[in-house]
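Reader: Please show me the model, and then let us go through its architecture, its charged pairs, its core and its open spaces in turn.

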Amino acid sequence: MRMGNPSVRRLIAKTNRGEMSIEIQPATYKGVYGKATLFAFLTVICAVVTELVVLPWALKIDPIRALTAVGIATAVCMLPLIIMSIVIAFVPTTAKVLGIIYSVLQGGLLGCLGLFVDMFYPGIAFAAFLGTSIVFLISLAVNRLLEVRISSKFMRGIMVAFFSLMALELVVWLLSFTGIFGDFSALWWIQLVVSAVCIIWATIMLTWDLQNIDYLVKSGADKKYEWCVAFSLVTTLVYLYVEILELLLRFVMLFQRNKN
C-alpha cells in the first residue's frame with residue numbers, strides 16, 4: 001500500500017509557508033518529467049533484462065538453485081528499498097542518488113515477479129504494463145487539459161473508504177478459516193472489489209502526484225526538488241502496475257475456478 005511520498009507533502013507545506021527559496025534555479029516541467037523518465041527507464045530496463053535474460057539463463061543452468069537464489073535476493077532487496085524510501089522521504093535531496101539505486105533494485109524485483117507470473121499466465125504482466133501506461137496517459141491528459149483538481153477533503157474520504165475495505169478483507173479472511181464461506185466464493189469477490197479499489201486509489205494518487213508537480217513548478221520551488229517529485233511519480237506508477245497485475249491475476253484465477 002502506498003500513501004504518497006511524505007517528502008512531497010512537506011515540500012508543499014513549506015511552499016505554503018513561504019519557506020522555499022531558490023538556490024540554483026526554479027523547477028520546470030521538463031526537468032521533473034525528464035528525471036521521472038530516467039527512473040522509469042531504469043526500472044523497465046532492469047525488469048526486462050532480469051525477466052528475459054538473467055533469470056532464464058540461471059534457470060537453464062540449475063533451476064533449483066536459481067529459484068532459491070531469487071527468493072533470497074528478493075528478501076534481501078526489500079530491506080534496502082524500504083530504507084531508501086524512508087531516507088528520501090525525510091531527506092528529499094537524496095533522491096538524486098538513492099532514486100537511481102532504488103529504480104535498479106525495483107526493476108530487478110519486478111522482473112522476478114513478471115517471470116513467475118508469465119510462467120503460469122503468459123502475457124498478464126505485459127497486459128498490466130499496458131494498463132498502467134493507459135491510466136498514466138489518461139491521468140496526464142485529465143490533469144493538463146481539463147485541469148481536474150483533487151481536494152484534501154476528497155482524499156480523506158477516499159482514505160476512509162480504502163481502509164474500511166482493507167479491514168473488511170482482513171475480517172473476511174479470518175472468518176474464512178471457520179468455514180463460514182464454504183468454497184471461499186464470497187472471499188474471492190471481496191478480494192476482487194478490494195483490488196479494484198486499490199487501483200482507483202493508485203489512480204487518485206497518480207493524479208495527486210501530477211497535481212503536486214504543477215503546484216511545485218508554478219510556486220517556484222528549487223530545481224533540486226525535481227528528483228524527489230519525479231521519484232514519487234514513478235513509485236506511484238509501479239504501485240499502480242502491481243495492483244493492476246494483481247487484479248488481472250485474480251480475474252484469471254476466478255474464471256479458471258469457475259470452469260473447473
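Author: Helices (H or I, at least four residues) and strands (E, at least two) are DSSP runs, numbered from the N terminus. This is a predicted model, in which local features need pLDDT of at least 70 and side-chain atom pairs count only at pLDDT 80 or more, while totals for chains, interfaces and linings use all residues. Residues are numbered from 1 along each chain as its sequence is written, and side-chain values use heavy atoms, with hydrogens and water left out.

Reader: How many helices and how many strands does the chain have?

Author: From the N terminus on, the elements run α-α-α-α-α-α-α-α. The count is accordingly eight helices and zero strands.

Reader: What share of the contacts with a separation of 6 or more is made by residues 24 or more positions apart?

Author: A contact here means heavy atoms within 4.5 Å. Among the contacts in the chain with a separation of 6 or more, the share of residues 24 or more positions apart is 86%.

Reader: Which helices does the salt bridge between Glu-226 and Lys-35 tie together?

Author: A salt bridge is a side-chain nitrogen of Lys or Arg within 4 Å of a carboxyl oxygen of Asp or Glu, and the side chains of Glu-226 and Lys-35 meet this rule at 2.8 Å, N to O. Because Glu-226 belongs to residues 226–259 and Lys-35 to residues 29–61, the pair ties together parts that are 191 residues apart in sequence, namely helix α8 and helix α2.

Reader: Which residues are linked with Glu-226 in a network of salt bridges, and how accessible is Lys-223?

Author: Glu-226 also forms a salt bridge with Lys-223, with the closest N and O atoms 3.1 Å apart, and the network links Lys-35, Lys-223 and Glu-226. Buried means under 20% relative accessible area, exposed over 50% and partly exposed in between (1.4 Å probe, protein chains only). Both Glu-226 and Lys-35 are buried, and the relative accessible area of Glu-226 is 0%. Lys-223, by contrast, counts as partly exposed, at a relative accessibility of 23%.

Reader: How far apart along helix α8 are Glu-246 and Arg-250, which form a salt bridge?

Author: Their closest N and O atoms are 2.6 Å apart. Glu-246 is partly exposed, with a relative accessible area of 28%, whereas Arg-250 is buried, at 15%. The two residues are four apart in helix α8, so their separation is about one helical turn.

Reader: Which helix gives the most residues to the largest nonpolar core?

Author: A nonpolar core is a set of buried Ala, Val, Leu, Ile, Met, Phe, Trp, Tyr and Cys residues joined through side-chain atoms within 4.5 Å. Of the 50 residues in the largest one, Leu-206, Ile-213, Leu-233, Leu-240 and Leu-245 touch the most other members. At least two residues each come from α2, α3 (63–90), α4 (95–120), α5 (124–146), α7 (185–218) and α8. The most, 16 residues, come from α8.

Reader: Which residues line the largest cavity, and which helix gives the most to that lining?

Author: On a 1 Å grid over the protein atoms alone, a cavity is a set of points where a 1.4 Å probe fits but cannot get out, and a pocket is an open set with protein on both sides within 12 Å along at least five of seven lines; lining residues have an atom within 4 Å of a point. Grid points are joined across faces, edges and corners, and a volume is the space filled by probe spheres set on the points. The largest cavity, of about 40 Å³, is lined by Ala-27, Val-32, Ile-213, Leu-216, Val-217, Ala-221, Asp-222, Tyr-225, Glu-226 and Val-229. The helix that gives the most to this lining, with three residues, is α7.

Reader: Which helix gives the most to the lining of the second largest pocket?

Author: This pocket has a volume of about 650 Å³ and is lined by 25 residues, of which Ala-40, Val-44, Phe-129, Ser-133 and Tyr-241 lie nearest its centre. At least two lining residues each are supplied by α2, α4, α5 and α8. With ten residues, the helix that gives the most is α2.
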